[in-house]
Structures are given as structure tokens and as C-alpha cells.
Amino acid sequence: MYCKSCYAGRQGSTKSALPSDNLQRAKPAARPEARPAAPDRADESIGDGPGEVGPVSAFSEIGLSRSTMTALAVMEISEPTPIQDQTIPLLLGGRDVIGQARTGSGKTLAFAIPLVERCDPSVHQVQALVLTPTRELAIQVSQVTDAVANANGLQTTLLYGGRSARTEQQALRRGPQIVIGTPGRTLDHIRQGTLDLRSVHFLVLDEADEMLDRGFARDVEAILGHTPSDRQTAMFSATLPDWVAKTAAKHLRQPATAEVDADLQTLPGVMHLIYTIQRDQKIDALRTLLDERDDEAVIVFGKTKHGVKKLARQLDALGYPVGALQGNLRQNARERVMRDFRSGETPILVATNVAARGLDVEGVGQVINYDLPESPQLFTHRVGRTGRMGREGEAITFVTREEESKWREIDRNLGVPFTRQPWNESKAAGDRSRARRTR
């Protein structure tokens with residue numbers, strides 16, 4: 001549930017980086033009016049012009065359709081989060097937007113609401129496209145978007161690999177207005193002629209830093225090449241490295257930039273414990289932590305697919321209720337693992353970085369970095385699975401001798417003073433107990 005009170009107790013500053021003066025005054029190129037002006041608007045005015053809208057205290061002030069307002073009411077959402085507050089009026093006004101806010105901040109609704117508002121249900125062509133890096137995130141984005149789109153008479157179609165494309169082809173033939181997909185499968189449909197993007201006027205790159213990185217960049221570039229050059233484009237991410245803004249310059253036109261907590265690299269509600277540990281101590285240390293866990297869910301992050309499978313098998317043999325999530329799983333198996341994790345049937349999830357981005361699972365009380373991630377950005381994304389929406393969480397990180405240089409890089413780039421100590425089973429239990437009492 002997204003409300004401003006969730007953020008009231010956060011430490012540190014929240015930076016509202018609306019466009020600089022020259023961007024504020026710049027008039028965007030004309031965009032096609034995708035949806036006719038509706039007479040049932042709660043408030044037709046969203047400000048003096050694109051990029052010149054001040055903060056709002058409730059969705060009713062933005063000027064959304066009654067259908068969208070009803071959908072939000074059903075979701076028990078009445079007030080925008082900071083990232084929604086800043087970006088929705090800009091997107092409704094036709095601006096290209098780069099949005100940065102940490103995980104659990106409501107980024108999906110920040111683009112889903114204006115996306116839906118700017119689509120015309122009477123036109124059975126793809127008008128909006130959302131690209132995400134993982135299948136799990138695509139499914140999650142689809143669920144959030146559907147809640148608003150269906151209320152407005154819009155159809156969405158989900159495209160991702162690991163399952164038969166035939167069902168997707170049939171869905172595309174029905175003329176959905178919104179497509180949400182991963183780059184690989186989306187590009188497959190374009191090349192097969194089953195997906196036509198010539199009518200797209202609203203495009204979103206979710207987790208933009210990963211989407212523009214080397215792994216996805218080529219596919220994303222190819223997909224963008226099949227969309228109209230005058231489309232409206234939005235990029236959202238929990239982290240926004242400098243190179244992303246530079247790369248984005250060739251895809252966006254006079255973009256407005258909205259940043260929330262950009263100067264905070266770790267969540268204020270997350271308690272960090274960093275332990276120096278020997279490699280052969282790690283499995284016993286992990287068991288100690290799992291034995292002490294409360295009823296809350298735990299995500300254990302490993303480095304490789306093989307390592308995650310092996311660790312999950314070890315824990316399962318020891319009697320722990322565990323599931324494993326890694327890229328080699330078939331799609332139905334991945335969905336089953338996530339369903340069991342969300343339901344609490346297997347409250348321990350061992351995962352690669354496939355679970356680090358975008359997954360919104362309530363009640364994750366602890367994240368354990370069993371293996372260090374490759375970058376500070378991935379550390380931030382992993383840790384962001386806990387302490388979401390103002391709740392408290394705990395992040396425990398193991399650092400072996402072999403990982404010293406990698407940890408120094410993460411520590412230096414995050415710029416946050418972490419307390420680090422040698423692993424000691426009895427002392428670690430005391431550290432965590434004292435930290436919980438003082439939070």
C-alpha cells in the first residue's frame with residue numbers, strides 16, 4: 001500500500017530533482033493525443049504546462065479518470081508516493097521522464113497510471129510498451145498495470161520466454177493496447193511479424209540501468225528501432241549511474257529527471273551486519289542465522305546458478321523449508337517457487353540476482369548475501385528486497401578473504417559507514433539481538 005506516511009520516518013534527505021530551468025521551460029515536441037478528453041475527469045487541470053506541475057497531496061488532485069480513481073480506491077491507495085507525486089503529472093503532460101527511486105517506492109504505478117490514461121480503449125493496436133529485464137518482474141508489472149488498465153477497458157498482453165509463444169501470438173491477434181515483456185521474447189515476436197509497434201506512443205524501460213547495460217542493450221536498441229521516433233519514453237530504476245543518463249540522451253527528448261533518495265545508497269529501515277568469514281564456515285553460519293530467524297521470509301543470495309542449486313539442496317537435506325530461484329529453471333518451475341515463497345510454504349528462498357530486481361514480496365524480514373554481488377548497484381537491489389515501504393529489515397553480508405577487493409569496491413561506492421566484524425556464532429546472536437532492541 002502506497003502512502004506518504006510510509007516515508008515520514010525515513011532518515012536523510014529526499015531530493016526532488018525536477019528538470020533544470022532550461023528543461024522546465026523547454027516545450028516538448030507534439031505528442032499524439034492517444035485518448036480523447038474525457039468529460040468525467042475528477043480535475044481536468046494538471047498545471048500550467050508540461051514539467052511545471054507542483055507536488056500534489058492526493059491522486060484526486062492530478063486529474064485522473066474516474067475509472068482510474070475507482071481502481072486505486074479498490075487497491076486502497078489514495079495518496080501518491082514521492083516518485084509518483086513527481087512523475088505522474090509530468091508523464092500525463094507528455095514529458096519524457098527519467099525516474100529514480102529505491103525499491104518498494106511505487107515506481108510501477110508511477111508509469112502504469114499515465115500509461116493507462118494515455119491509451120485509447122477503442123483502438124485495438126499496441127499503444128504502450130513496457131520492457132523489463134526478468135520474467136518475474138514482467139509478471140509483477142503486469143499484475144499492477146492490469147488493476148488499472150482493466151478498469152479503463154484496456155487489454156494487456158504479457159510476453160516472456162520459457163513458455164510457448166503460441167498463446168502470446170493469439171493474445172496479440174486480439175489487439176491489446178498494452179504490451180509488457182522481456183527484451184528477448186518481445187524481439188522474437190517483432191521478427192516473426194506477430195508484434196507491430198508502429199502505433200506505440202508510450203514506452204517504458206523498467207530497471208533502466210540493467211536494460212541499457214551490455215546484456216540487454218542490443219535487443220533494447222533493436223526494439224526501440226521498431227517504434228515511432230516521436231513516442232513518449234520513460235525510464236525508471238532504483239539506481240541511476242551517470243552512464244545511464246548519458247546513454248538515455250539518445251533515446252529521450254528533453255527529459256525531466258525525478259530522483260527520490262538518490263543520495264542514500266542503503267535503505268534507512270535496514271539494519272546491516274557485515275561479517276568477515278572463512279569460506280568453510282559459511283554453511284554453518286547460514287544455518288545459525290536460519291535457526292534464529294523469526295516467522296518472516298528470508299532471501300539468501302548466491303553468485304551462480306550451480307551454487308544456488310547446490311546450496312538449496314544442502315539446506316533441503318537438512319530439513320529447511322527452502323526453494324531455489326535461478327535462470328535455468330523452466331518458467332512453470334519459477335512460478336511455482338515464487339508462489340510457494342509468497343504463500344509462506346517455503347519461507348526461505350535461495351536465489352541468484354534474478355531475484356534482486358523489482359520483486360515485491362511482502363514480509364521479507366532478512367536478506368543474506370551468502371556470496372557478494374558483482375557491483376554496488378546489485379548490492380543495493382538485493383538489500384532492497386527487505387525494509388520495503390517503511391518496514392524494518394535486516395541485511396547480513398558474508399565477506400571471505402577472496403572477496404576482500406570486491407567488498408572494498410562496494411563499500412567505497414556506497415559511501416555508507418558499515419560496521420564489520422569477524423564471524424563468531426555466539427557474538428553474532430548478541431549483535432543481532434542488541435540491534436533489534438535499539439531500532
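Me: Which strands does α5 lie across, and at what angle does α5 run to β3?
Reply: This is a predicted model. In it, α5 lies across β2, β3, β4 (178–181) and β5. α5 runs at about 180° to β3. Angles go from 0 to 180 degrees between N-to-C directions, so about 180° means that α5 and β3 point opposite ways.

Me: What makes β3 and β7 edge strands?
Reply: Start with the order of the open sheet: β3-β4-β2-β5-β6-β1-β7. The sheet has 7 strands, and the pairing is parallel. β3 (156–159) and β7 (256–259) each have a single partner strand, so one side of each lacks a neighbour in the sheet. Neighbouring strands are turned by 15° against each other on average, direction ignored.

Me: How do you know that β1 and β6 pair?
Reply: Pairing takes at least two bridges. Strand β1 (97–100) and strand β6 (232–237) have 4 bridges, in the parallel sense. The two strands therefore count as paired. Ile-98 stands opposite Met-235 in β6.

Me: What does helix α3 touch in this sheet?
Reply: Helix α3 (82–92) packs on the sheet and touches β1, β5 (202–206), β6 and β7. Its direction makes about 170° with that of β6.

Me: Why is Val-126 called buried?
Reply: The cut-off is under 20% relative accessible area. Val-126 has 7%, so it counts as buried. Val-126 sits in the loop between α4 (107–117) and β2 (128–131).

Me: Which residues is Val-126 in contact with, leaving aside its neighbours within four places in sequence?
Reply: Among them are Pro-176, Gln-177, Val-179, Leu-195 and Val-200. Val-126 and Val-200 are 74 residues apart along the chain, yet their C-alpha atoms are separated by 5.8 Å.

Me: What puts the buried residues of α2 on the same side?
Reply: In α2 (66–74), Thr-68, Ala-71 and Leu-72 are buried. They cover an arc of only 100° around the axis, so they share one side of α2. On the other side, Arg-66, Ala-73 and Val-74 are exposed. The cover over the buried residues includes α4 and α5 (135–149). Just after α2, Glu-76 takes a positive phi of about 60°.

Me: Which strands stand at the edges of the sheet with the order β10-β11-β9-β12-β13-β8-β14?
Reply: This is an open sheet of 7 strands with parallel pairing. Its edge strands are β10 (322–325) and β14 (420–422), and each pairs on one side only. The twist averages 20° from one strand to the next.

Me: What makes β12 and β13 partners?
Reply: The requirement is at least two bridges. β12 (364–369) and β13 (393–399) are joined by 4 bridges and run parallel. They therefore meet the requirement. Asn-369 stands opposite Thr-397 in β13.

Me: At what angles do α11 and α15 run to β13, and where do they lie?
Reply: Helix α11 (282–292) runs at about 165° to β13 and lies across β9 (297–301), β11 (348–351), β12 and β13. Helix α15 (404–414) runs at about 140° to β13. α15 lies across β8 (270–276), β13 and β14.

Me: And what are the totals for the chain?
Reply: The chain has 16 helices and 14 strands. Of its 439 residues, 57% count as buried. Among contacts between residues at least 6 apart in sequence, 77% join residues at least 24 apart. The chain exposes about 18,700 Å², and carbon and sulfur atoms supply 46% of that.

Notes:
Residues are numbered from 1 along each chain as its sequence is written. This is a predicted model: local features need pLDDT of at least 70, side-chain atom pairs count only at pLDDT 80 or more; totals for chains, interfaces and linings use all residues. Side-chain values use heavy atoms; hydrogens and water are left out. Buried means under 20% relative accessible area, exposed over 50%, partly exposed in between (1.4 Å probe, protein chains only). Contact means heavy atoms within 4.5 Å. Accessible areas come from the Shrake-Rupley method with a 1.4 Å probe; for residues, only the protein chains shown count as cover. The arc is that of the directions from the helix axis to the C-beta atoms.
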